[in-house]
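Have a look at the structure below and turn it around a few times. Then we can walk through it together, one spot after another.

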Amino acid sequence: MAKMWAGRTDGITDRIADDFNSSIGFDSRMFRQDIKGSMAHASMLAATGIIAEEEADTLLAGLSGILSDLESGALSFDPACEDIHMFVEEVLTARVGDVGKKLHTARSRNDQVALDLRLYLLEEIDAICAAVKKLIATVTDKAECYKATILPGYTHLQRAQPVTFGHHLMAYAMMLRRDLGRLSDCRGRTAVCPIGSCALAGTTYPIDRKAEAAALGFPAIAENSMDGVSDRDFCVELLGALSILMMHLSRFSEEIVLWSSWEFRFVELSDAFTTGSSIMSQKKNPDMAELVRGKTGRVYGDLLSVLTMLKGLPLAYNKDMQEDKESVFDACDTVKACLGVFDGMIAGMRALPENMLNAAKKGFINATDVADYLTKKGEPFRSAYKISGQLVAYCIAHGKVLEELDLDTYRQFSPLFDDAIYKAIDLSACVGNRTSEGGTSVASVEKQIKGIREFLKP
């Protein structure tokens, strides 16, 4: 079958070349955006007198009919068509006749595909942002439930200092809030209309690019036509933001995998978001968390794929750019799926406070509070730190914890110790006294929760 671009050549390509060149198998998902863009273009052509009003009406009616038929299933995509743009134009011309051939006046597939992709990704960004906000709200609700539940905080995966589970969860709420900021920034640079850039040099027709952009909801137009058709920074930026988002979900997933293991037993996941083993009947596997962790590499791969594809391209458009879509589509699909399952998993997650507290009682995580106690009594911190370490060594040697030492033993290491040391190293006090901004005290966690709830308000 001869192609619509036949002219310089006969437009007849080998079947193998057709299959290799075709993108309709994946860019057909942009049919709504393609038709929306074409309708705005037809209206602009009429408004500027490039085509007659009645011709525009015919084009708009034809495009509306194609959209309706695609959405209802009355019309199917033709795999023989090269891409979604050619498919829509061929169907339109078949339905309305030669006037359909006027639709492509003053545009190219180069700016058309850039337009469709930007329109599509703007919707995807909005959907992903909504899902991130929902997850932040779920994490924050869970933090509210456990704002006073004590567990060990870790550094180097070694027990470090006591914190609350609510405080730990709010750390992820803060990460996700930053993800929203990155997505919002990316959205602003995606919302630039390339249509009217044409192939690369603009057009001789008296088009109104700003009016067409405004009709499509764009606040700005590409200011350089070569950049308009060759820019894919917005794809890279989105993939970068999604990669960071997935990195955060992966870190969270790793902790859930650890927390739900028998070695930790800090949380229990709901049956709805776990699986079993085919032969080990005792198993309750955190497969959803593991899959999110695994799919992070997939999104990283999508980012690397597009970066590599773009790195050696001269201006302006090159067919290599067709490779942007599958990567960015895959990343968006993957992230949306991960956010959906993650939200349900967190909502159904139950903490096991007794296990958390028992773990916090081991590992000398109140040793810093011993040093702080001495420092507040006038001992230089570095000296206080050494005394605290010596006390820990003594406890290990004698099979004790700091709370079990009598006052005479404490005073062997420093005369500054008195009965107040026992209150200072109580885990509840260790947590409650950390009232600095962003700290783990209940009051501080409540302030963090309040700040996130204010942020989430529409």
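What follows is a tour of some helix pairs, open and closed spaces, and a few unusual spots in the backbone. Keep in mind as you go that this is a predicted model.

Let's start with two helices, α10 and α11. Helix α10 covers residues 233–259 and helix α11 covers residues 287–310. Their axes come within 8 Å and cross at roughly 160 degrees. Angles over 145 degrees count as roughly antiparallel, so α10 and α11 are roughly antiparallel to each other. If you look at how they pass, the crossing of α10 and α11 is left-handed. What kinds of residues make up the contact of α10 with α11? There are 16 nonpolar residues, along with five polar and five charged ones.

Now move to another pair of helices. Helix α6 spans residues 109–145, and helix α19 spans residues 442–456. These two pack at an angle of about 155 degrees, with their axes 10 Å apart. That angle is again over the cut-off of 145 degrees, which means that α6 is roughly antiparallel to α19. The crossing of α6 and α19 is left-handed.

Next, let's go looking for pockets. The largest pocket has a volume of about 470 Å³. Its lining has 22 residues, and the closest to the centre are Gly-153, Tyr-154, His-168, Ala-171 and Glu-255. Which elements give two or more residues to this lining? They are β1, β2, α7 (165–190) and α10, so you'll recognise α10 from the helix pair with α11. The biggest giver is α7, with six residues in the lining of the largest pocket. Sorted by class, that lining has nine nonpolar, nine polar and four charged residues.

While you're at α7, pick out Arg-178, which sits in this helix. Is Arg-178 buried, exposed or something in between? Partly exposed covers the range between 20% and 50% relative accessible area, and Arg-178 comes out at 46%, so it counts as partly exposed. Try finding Ala-241 as well: it is 63 residues from Arg-178 along the chain, and their C-alpha atoms are separated by 9.7 Å.

For a contrasting pair, go to Ala-211 in helix α8 (residues 209–215). Ala-211 has a relative accessibility of 38%, so it counts as partly exposed too. How far is Ala-211 from Ser-428 in space? The C-alpha to C-alpha distance is 63 Å, and the two residues are 217 apart in sequence.

Back to the open spaces. The second largest pocket has a volume of about 320 Å³. It is lined by 15 residues, and the closest to its centre are Ser-260, Ser-261, Trp-262, Lys-284 and Asn-285. Its lining splits into five nonpolar, five polar and five charged residues.

There is a closed space to find as well. A search of the whole structure turns up one cavity of 30 Å³ or more. The largest cavity holds about 40 Å³ of space. Which residues line it? They are Ala-360, Lys-361, Phe-364, Ile-365, Asn-366, Val-401, Leu-402 and Glu-403. By class, that makes five nonpolar, one polar and two charged residues.

Finally, a few spots where the backbone does something worth a closer look. Leu-157 has a phi near 60 degrees, a positive value in a residue other than glycine. You'll find Leu-157 in the loop between β1 (150–155) and β2 (158–164). The relative accessible area of Leu-157 is 56%, so this residue is exposed. Arg-265 also has a positive phi without being glycine, this time near 55 degrees. Its place is the loop between α10 and β5 (267–268). With a relative accessible area of 21%, Arg-265 is partly exposed; the cut-off for buried is under 20%.

The last stop is a cis peptide bond. It joins Leu-315 and Ala-316, with omega at about 10 degrees. Ala-316 lies in the loop between α11 and α12 (323–347).

Terms used: Residues numbered from 1 in each chain as written. Predicted model: local features only at pLDDT ≥ 70, side-chain atom pairs only at ≥ 80, totals over all residues. Heavy atoms only, no water. 1 Å grid on protein atoms, 1.4 Å probe; cavity = no way out; pocket = protein on both sides within 12 Å on 5 of 7 lines; lining within 4 Å. Points joined across faces, edges and corners; volume = space filled by probe spheres on them. Nonpolar A, V, L, I, M, F, W, Y, C, P; charged D, E, K, R; others polar. Axes fitted to C-alpha atoms, helices over the stretch in contact; angles between N-to-C directions. Helix = DSSP H or I, 4+ residues; strand = E, 2+ residues; numbered from the N terminus. Parallel < 35°, antiparallel > 145°, perpendicular 65-115°, else oblique. Left-handed = near helix turned anticlockwise from the far one by under 90°. Buried < 20%, exposed > 50% of the residue type's maximum accessible area, 1.4 Å probe, protein only.
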